[in-house]
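User: Hi! I'm new to this and would love some help looking around a protein. Can we go through it together?

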Amino acid sequence: MNTTVANDNLLGAYLRDRRERLDPSALGYPAGRRRTPGLRREEVAQRANVSATWYTWLEQGRGGAPSDEVLDRIARALLLSEIERQHLFLLALGRPPEIRYQASEGVAPRLQRVLDALPCSPAMVKTATWDVLAWNRAAAVVLTDYGKLEPAERNVLRLMFCNPEVRAHQVDWESVARFVVAAFRLDAARAGAVRSMQALVDELSERSAEFAAMWQSQDVQQHGGGTKQLRHPTLGAIAMEYSAFAVDGCPDLSMVVYNPATPEDAQRIRRLIEAAGSDRSA
């Protein structure tokens, strides 16, 4: 392939490469004798329900900018993964596609091992609608023992507004609750989960007048990082610095890590986790 042409027509080069990777026989086309590997242009056009001439022009860099709908049809025709689909949109339109929200049901074992590698720093992985999917031993001891809750109750907003114990552990519950609501609104919108979160919003609005009022305020906040103050039933007042991280390849997920704010806090948390471990083995 001519390198200059390929560099000038990145979209065309990408489409051709993906097309030539497909197996015609696996897609119901006769294998026969083909001048090039993969599908023919007219076969991709047929699968995408577009004109073969127009698709040929698109590969040659002569077509106009395709619509989102047409790009989606081409992505399906070429059996592109979600990451490949995003790359297609970036090449064709200079922007990613509209977000498709897909709720995660769990985390990969390697991500759980990352959490477990933080023995004295409570850490969790949550979805864009703030369902807690994974956590480490430190989170169970210091924050909430999510393993003792039904999966539907492992939601940060449900716990904040409907669990008296979690509420009592907050040093300034109203300030924390307002922040949680505002950050939840932004996270859900970014992940394209506005429709998915509506059932939870309706439920909490019925169960908590405080939530309903805070939700109506329309505030948004970046989760980012900061300091969390807790009234722990065993430790008393405890301070932790928290940071939120996106999970690469999983736009629905974020990881939140809480580090003890001072060496003294770290020592107290370590002793508490060790004592909890001793109780379990006794």
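User: Which residue just after H5 takes a positive phi?
Analyst: That one is leucine 79, with a phi of about 55°. Keep in mind as we go that this is a predicted model.

User: OK, and H5 itself, how many of its residues are buried?
Analyst: 7 of its 10 residues are buried, so H5 is largely enclosed by the rest of the structure. The buried ones are Val70, Leu71, Asp72, Arg73, Ile74, Ala75 and Ala77.

User: Which helices do those buried residues pack against?
Analyst: They pack against four: helix H2 (10–21), helix H3 (41–48), helix H4 (52–60) and helix H6 (82–93).

User: There's an arginine in that list. Why does Arg73 count as buried?
Analyst: Arginine 73 has a relative accessible area of 19%, and buried means under 20%, so Arg73 falls on the buried side of the cut-off.

User: What does the side chain of arginine 73 reach?
Analyst: The side chain reaches the backbone oxygen of alanine 48, at 2.7 Å. Not counting residues up to four places away in sequence, arginine 73 touches Ala48, Asn49 and Val50.

User: Switching topic: which residues touch the most other members of the largest nonpolar core?
Analyst: Met124, Val142, Leu143, Phe161, Phe184 and Phe211 do, out of 43 residues in that core. Helix H11 (residues 173–190) gives the most to this core, with 7 residues. There is also a second, separate core of 22 residues, which includes Ala45, Ala48, Tyr55 and Phe89.

User: Let's stay with Leu143. Where is it found?
Analyst: Leucine 143 is in the loop between helix H8 (137–142) and H9. This leucine is buried, with a relative accessible area of 16%.

User: What is leucine 143 in contact with?
Analyst: Leaving aside neighbours within four places in sequence, leucine 143 is in contact with Pro122, Met124, Ala138, Leu230, Met240 and Tyr258. Histidine 232 is 89 residues away from leucine 143 along the chain, yet their C-alpha atoms are separated by 8.2 Å.

User: And valine 142, what is that in contact with?
Analyst: With the same kind of neighbours left out, those within four places in sequence, valine 142 is in contact with Pro122, Leu230, His232, Met240, Ile269 and Leu272.

User: Now the sheet. In what order do the strands come?
Analyst: The 5 strands run E2-E1-E5-E4-E3 in an open sheet, and the pairing is antiparallel. Strand E2 (132–135) and strand E3 (225–232) are the edge strands, as each pairs on one side only. On average, neighbouring strands are turned by 30° against each other, direction ignored.

User: How many bridges are there between E1 and E5?
Analyst: Strand E1 (residues 123–127) and strand E5 (residues 253–260) pair over 5 bridges. One example to find on screen is lysine 126, whose bridge partner in E5 is serine 254.

User: Which helix packs on the sheet?
Analyst: Helix H7 (residues 109–116) packs there, touching E1, E2 and E5. The direction of H7 makes about 55° with that of E2.

User: Last stop: how far does H12 reach?
Analyst: Helix H12 (residues 194–207) has 14 residues and reaches 20 Å from its first C-alpha to its last, close to the 20 Å expected at 1.5 Å a residue.

User: Which of its residues are buried, and what covers them?
Analyst: Met197, Leu200, Val201 and Leu204 are the buried ones in H12. Their cover includes helix H9 (156–162), H11 and helix H13 (209–216).

Methods
Residues numbered from 1 in each chain as written. Predicted model: local features only at pLDDT ≥ 70, side-chain atom pairs only at ≥ 80, totals over all residues. Heavy atoms only, no water. Core = buried A, V, L, I, M, F, W, Y, C linked by side-chain atoms within 4.5 Å. Buried < 20%, exposed > 50% of the residue type's maximum accessible area, 1.4 Å probe, protein only. Helix = DSSP H or I, 4+ residues; strand = E, 2+ residues; numbered from the N terminus. Contact = heavy atoms within 4.5 Å. Polar contact = N/O pair within 3.5 Å; in protein donor to acceptor, adjacent residues only side chain to side chain. Expected span 1.5 Å × (residues − 1). Pairing = 2+ DSSP bridges. Axes fitted to C-alpha atoms, helices over the stretch in contact; angles between N-to-C directions.
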